[in-house]
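Here is a walk through one protein fold, going from charged pairs to sheets to the core. Keep the 3D view open as you read.

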Amino acid sequence: NALFDTALNQLVRTEVVAQWDKKTNRFVAESHTKIGQLITQKTALEQIPSEAKRNALCLHIQKQGLSLLPWTEELEQWCARVTLLASIDKDQGWPDVSQTGLLASIDVWLAPYLDAVNLLQDFKKLNLKEILNNLLPYDKQQQLNQLAPQRFTVPSGSSIAINYLESPPVLAVKLQEMFGCEHNPSVASGEAPLLIHLLSPAGRPLQITQDLAGFWRTSYHEVKKEMKGRYPKHPWPDDPLTAIATKLTKKRLAQK
């Protein structure tokens, strides 16, 4: 060993290793003293350049997948909303927030927020909503909310969540809440018509359409014939285009 400290010291090299340890499920940073490929000594490092740590964590996420991060339904919808607008107008500078796109650019949008991550559970503590929002400048955040709103107010006054994870986006709403609506709802300044799931009082789809005007004049009458006996407490008017849109039963509607 003494030889390696003197005459053969040119064979000895030291390298910093920053990586995710799969056995302990944690980030490790060590100084390795090596002779060729043989590691003769490992020393834990308290301080490490943040870039080395970020690179190691990004590599781990790219191998394991974005599921390490604290995704919610709202965030998945957010990505789908951005993706919809990007597909409609490719020249407006919307970022690629598909799973593939996010993984490919992880060193840009996520790396700066990884300094506090040391353990597996630390990934789940990241404020992913804020991190993703930072991908959009303020004016784009405003555009997103205007062009691809999270919710749509239907004729009854109810505010219904739009499901952007479906293509085209889906608005699932009770049939009676759409009475009087002849024009198919859309987003993205009319570029993306919503697929309307007209539901029974029990919440089951009675009709799926992008042509409300056509539905009221044709299929509605068959639906009414079948459903009137099954759901007698709910309104099934002969002319749905002049009826009051409501989420109430006939009795409660009469009491208003």
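A salt bridge here is a side-chain nitrogen of Lys or Arg within 4 Å of a carboxyl oxygen of Asp or Glu. By that yardstick the structure, which is a predicted model, holds seven salt bridges. Three of them are worth a look.

| Salt bridge | N to O distance |
|---|---|
| R54 and D115 | 2.9 Å |
| E182 and R217 | 2.5 Å |
| K225 and E222 | 3.7 Å |

Take R54 and D115, whose side chains meet in a salt bridge at 2.9 Å. This pair links distant parts of the chain: R54 sits in helix α2 (residues 50-64), while D115 is in the loop between α5 (106-109) and α6 (120-123), 61 residues apart. R54 is partly exposed, with a relative accessible area of 24%. D115 is partly exposed too, at 36%.

Next come E182 and R217, with 2.5 Å from N to O. E182 lies in the loop between β6 (170-174) and β7 (186-187) and R217 belongs to helix α9 (residues 212-217), so this salt bridge ties together parts that are 35 residues apart in sequence. Both ends are partly exposed: E182 has a relative accessible area of 33%, and R217 comes in at 48%.

What about K225 and E222, how many residues apart are they in helix α10? They are three residues apart in α10 (residues 219-227), which means about one helical turn separates them. An α-helix has 3.6 residues a turn, so residues three or four places apart point the same way. K225 is exposed, and E222 is exposed as well.

**The three-stranded sheet**

Now for the strands. One open sheet has three strands in the order β1-β2-β3, paired antiparallel. β1 (12-21) and β3 (38-44) stand at the edges with a single partner strand each, so one side of each has no neighbour in the sheet. On average, neighbouring strands of this sheet are turned by 30 degrees against each other, direction ignored.

Strand β2 (residues 26-35) is joined to β3 by six bridges. If you want to find the register by eye, look for T33, whose bridge partner in β3 is Q41. Helix α2, the one that carries R54, lies across β1 and β2 and runs at about 50 degrees to β1.

**The five-stranded sheet**

There is also an open sheet of five strands, in the order β4-β5-β6-β9-β10, and its pairing is mixed. Which strands stand at its edges? They are β4 (151-153) and β10 (205-209); each has a single partner strand, so one side of each is left without a neighbour in the sheet. Neighbouring strands in this sheet are turned by 30 degrees against each other on average, again ignoring direction.

Inside this sheet, β5 (residues 159-163) and β6 pair in the antiparallel sense over two bridges. Those strands are joined by a hairpin through six residues. I162 has L171 as its bridge partner in β6, and N163 has V170. On to β9 (residues 195-199): five bridges join β6 to β9, and these two strands run parallel. V173 stands opposite L198 in β9.

**Helix α3 and the core**

How far apart are the end C-alpha atoms of helix α3 (residues 73-88)? They are 23 Å apart, which agrees with the 22 Å that 16 residues should span at 1.5 Å a residue. Much of the interest in α3 is in what it hides: L75, Q77, W78, C79, A80, R81, V82, L84 and L85 are buried. The buried residues of α3 pack against α4 (99-104), α7 (128-133), α8 (138-147), β5, β7 and β8 (192-193).

The largest nonpolar core has 63 residues, and the members that touch the most others are L69, W109, F123 and L175. Helix α3 gives the most to this core, with seven residues.

To see one of those hubs up close, click on F123. Leaving aside neighbours within four places in sequence, F123 is in contact with W20, L57, H60, I61, L68, L69, P70, L114 and V117. One of these contacts, L69, is itself among the four core members with the most touches.

Key:
Residues numbered from 1 in each chain as written. Predicted model: local features only at pLDDT ≥ 70, side-chain atom pairs only at ≥ 80, totals over all residues. Heavy atoms only, no water. Helix = DSSP H or I, 4+ residues; strand = E, 2+ residues; numbered from the N terminus. Buried < 20%, exposed > 50% of the residue type's maximum accessible area, 1.4 Å probe, protein only. Pairing = 2+ DSSP bridges. Axes fitted to C-alpha atoms, helices over the stretch in contact; angles between N-to-C directions. Contact = heavy atoms within 4.5 Å. Expected span 1.5 Å × (residues − 1). Core = buried A, V, L, I, M, F, W, Y, C linked by side-chain atoms within 4.5 Å.
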